[in-house]
Amino acid sequence: MVSAALFPALETLLAVARTGSVAAAARQRHITSSAVSQQIRRLESHFAIKLLERAGRGVRLTAAGEAALPVVRELWSGAETAFGQLAELAGHPATTLRVAASDYLGQALLAPVLRDLLDADPPVRFEIVTTHSRAGVRLAAAGEVDLAVVTGQETPRGLDERHLFDQPFAWVGPRRGRRDRAPLTERLRREPVLRLAAESRGRALLDQYLADERIRPVSTIDVPSVSLLLSYVSGGLGIGLVFALALDEARAERVVSAPARVPALPVALVWRPAARRPPALARLASLLQAAGARAGARLARAWG
């Protein structure tokens, strides 16, 4: 028998599974940590199963929780669809688009397109997740976002894909002036090397290049985002490997760049196929495809 009183607790369970933390789920749900714990205990008591267990400083799903998660996600997705259709029937349609993108793709591609949709009629709302591409694919596959903009990822079964453009890479470092005209690849041997997160494709390409060239950095600086990497370079510290598109935000008077001899990676949209796609989502995908085509043409001229 369906108990509507448990619906908030189901949403809270999804938040805990997504964040791996009671405190983070509480912030996301705008409730207290104790309220999160109470809702989870209510679910566990109602169904007489254990859903969460301690994992270091956080929590994780038990085997029963993992088995239940896909069903809960499908239930929540169906509820969101039903509320959307009811709003349309009432003459007050409002679409929420959930999108995942890495920081540089969010800034270069996503933000300009979203600005074009701000004044759309009917109104469009956004939930943007900034994360690396591998996580973006996982979120799309799990139904936690409607669309992910990703770089260099294989599309798993169950997801659709639309290619946007191919992304070249560039070396970037502080501008030293006339006293140091050495190529950036030579400076890798004596200056700190800036490295992206271990799960990113950019990091994998950097590690492979250093191994092939037998370069052992004297110092390393690990950064979670391309934007922070460029901030270090602009501040005069470190050599890094970045997506060429990200150089739009680099300060030319402080930064020098050069093409990198590493494979270009495809940038694509990925999403779960559905029988009914909101018009706003289809429009967002179309606008991103157009923006990607322009970006690809510009990069081909500059770095091809």
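The legends below describe close-up views of a predicted model.

**View 1. The surroundings of G136 in helix α6.** Helix α6 spans residues 133-141 and includes G136. With a relative accessible area of 3%, G136 is buried, because the value falls under the 20% limit used for that class. Beyond its neighbours within four places in sequence, G136 makes contact with A100, T131, V145, A148 and V150. W271 lies 135 residues away from G136 along the chain, and the two C-alpha atoms are 10.0 Å apart.

**View 2. The open sheet of five strands.** The strand order is β4-β3-β5-β12-β6, with mixed pairing. The edges are occupied by β4 (124-130) and β6 (160-167); each has a single partner strand, so one side of each lacks a neighbour in the sheet. On average, neighbouring strands of this sheet are turned by 20° against each other, direction ignored.

**View 3. The pairing of strands β3 and β5.** Strand β3 covers residues 95-101 and strand β5 covers residues 147-151; the two pair in the parallel sense over three bridges. Within this view, V99 stands opposite L147 of β5.

**View 4. Helix α5 on the sheet.** Helix α5 (residues 103-117) packs on the sheet and touches β3, β4, β5, β6 and β12, the last of these comprising residues 265-271. The direction of helix α5 makes about 175° with that of β4.

**View 5. Helix α10 across the strands.** Helix α10, formed by residues 279-303, lies across β3, β4, β5, β6 and β12. Relative to β6, helix α10 runs at about 25°.

Definitions and conventions:
Residues numbered from 1 in each chain as written. Predicted model: local features only at pLDDT ≥ 70, side-chain atom pairs only at ≥ 80, totals over all residues. Heavy atoms only, no water. Helix = DSSP H or I, 4+ residues; strand = E, 2+ residues; numbered from the N terminus. Buried < 20%, exposed > 50% of the residue type's maximum accessible area, 1.4 Å probe, protein only. Contact = heavy atoms within 4.5 Å. Pairing = 2+ DSSP bridges. Axes fitted to C-alpha atoms, helices over the stretch in contact; angles between N-to-C directions.
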